[in-house]
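Student: I'm new to this one. Could you take me through a close look at a single part, and then show me how the rest fits around it?

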Amino acid sequence: QVIKCKAAVMWEANKPFSIEEVEVAPPKEHEVRVKIVATGICRSDDHVITGALVMPFPIILGHEAAGVVESVGQGVTAVKPGDKVIPLFVPQCGECQNCLNTKGNLCSKTDLGTSGGLMADGTTRFTCKGKAIHHFLGTSTFTEYTVLHESAVAKIDSAAPLEKVCLIGCGFSTGYGAALQTAKVEPGSTCAVFGLGGVGLSVVMGCKAAGASRIIAVDINKDKFAKAKELGATDCVNPKDFNKPIHKVLTEMTGGGVDYSFEVIGRTDTMTAALACCQYNYGVSVVVGVPPAAQKITFDPMLLFSGRSWKGSVFGGWKSKDAVPKLVADYMKKKFVLDPLITHTLPFTKINEGFDLLRTGK
């Protein structure tokens, strides 16, 4: 059956979302239709609106969510109707080079970097006013119902509170894993985190969980400092308070640079600053924020020649289908908190207000 429901459609760039009635087609072979219960607003969604992340319009955005399986297509064995699930914008097909390698997690079936906006068969499951609407990252969670490939859903504990664990679909896992999986922060080390949004705060939590002795939180919005300290930051630094480059401030504070630095904003200038502030011989800097389209980085190669490592991290380096149910189980065992990452809870129809809060740093 086709389901008619509400969705937030983005018809064109730099315009508000339009709440529309959409038709959601039934799942085809190896696909799952999911009723979305809760979805988070992530900066990556906003990057599409502004053009920093290039995707085709019209589109239904959203990629950080939790919901309940409504129906399954032919051949689906991993989930059944009624199961609680988290959609995976980085799927895990289990067959591609990255899935088969222990070091990899960026499944080749992801729509990240291809920006096709369609299901595997080259079509869409969404129609609005007679027009085909594109999918986003194979998830599209800003709708009451969505269709996902079975490699892009993780079945989770039926007791999990969906309005909290939806954050494990992107923001929390991305930051927490960048520290634990990608950087592999060691006990006693020193870390710097650039950007204290939900993902940056999750990096702080990851550094703390790994036993870092010093965690320096960096943001130009001082309103973010109290929460960063609550979650484990030992120092908070506002670059606006200094008349010298932030990497020099951090290098002086730490007597030679941090062991690990994380850029969780998505700006090329802060990416270079994060690299420069880590220890010149063995420091590791991780790019976590989505880099803006069509921008290049220029830096002195001596920064790397002396021994620093520069790494990227998508979805915290986790193999999504394997890791998400475990992370939900860890949350249920109170191994980490999610409440401090939730600032506002709004009804779906107020999605534009939610994005205004995001853009004003609230």
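Tutor: Sure, let's start with the second largest pocket, which has a volume of about 330 Å³. A pocket here is an open set of points on a 1 Å grid over the protein atoms alone, where a 1.4 Å probe fits, with protein on both sides within 12 Å along at least five of seven lines; lining residues have an atom within 4 Å of a point. The volume is the space filled by probe spheres set on the points, joined across faces, edges and corners. This pocket is lined by 19 residues, and Lys109, Asp111, Leu118, Met119 and Ala120 are the closest to its centre. By class, the lining has eight nonpolar, eight polar and three charged residues; Ala, Val, Leu, Ile, Met, Phe, Trp, Tyr, Cys and Pro count as nonpolar, Asp, Glu, Lys and Arg as charged, and the others, Gly among them, as polar.

Keep in mind that this is a predicted model: local features need pLDDT of at least 70, side-chain atom pairs count only at pLDDT 80 or more, and totals for chains, interfaces and linings use all residues. Residues are numbered from 1 along each chain as its sequence is written, and side-chain values use heavy atoms, leaving out hydrogens and water.

Now zoom out: the chain is divided into domain 1 (3–171 + 317–360) and domain 2 (183–312), with bounds from an automatic or database domain assignment. Their centres, taken over C-alpha atoms, are 28 Å apart. Twelve residues of domain 1 are in contact with 13 of domain 2, contact meaning heavy atoms within 4.5 Å.
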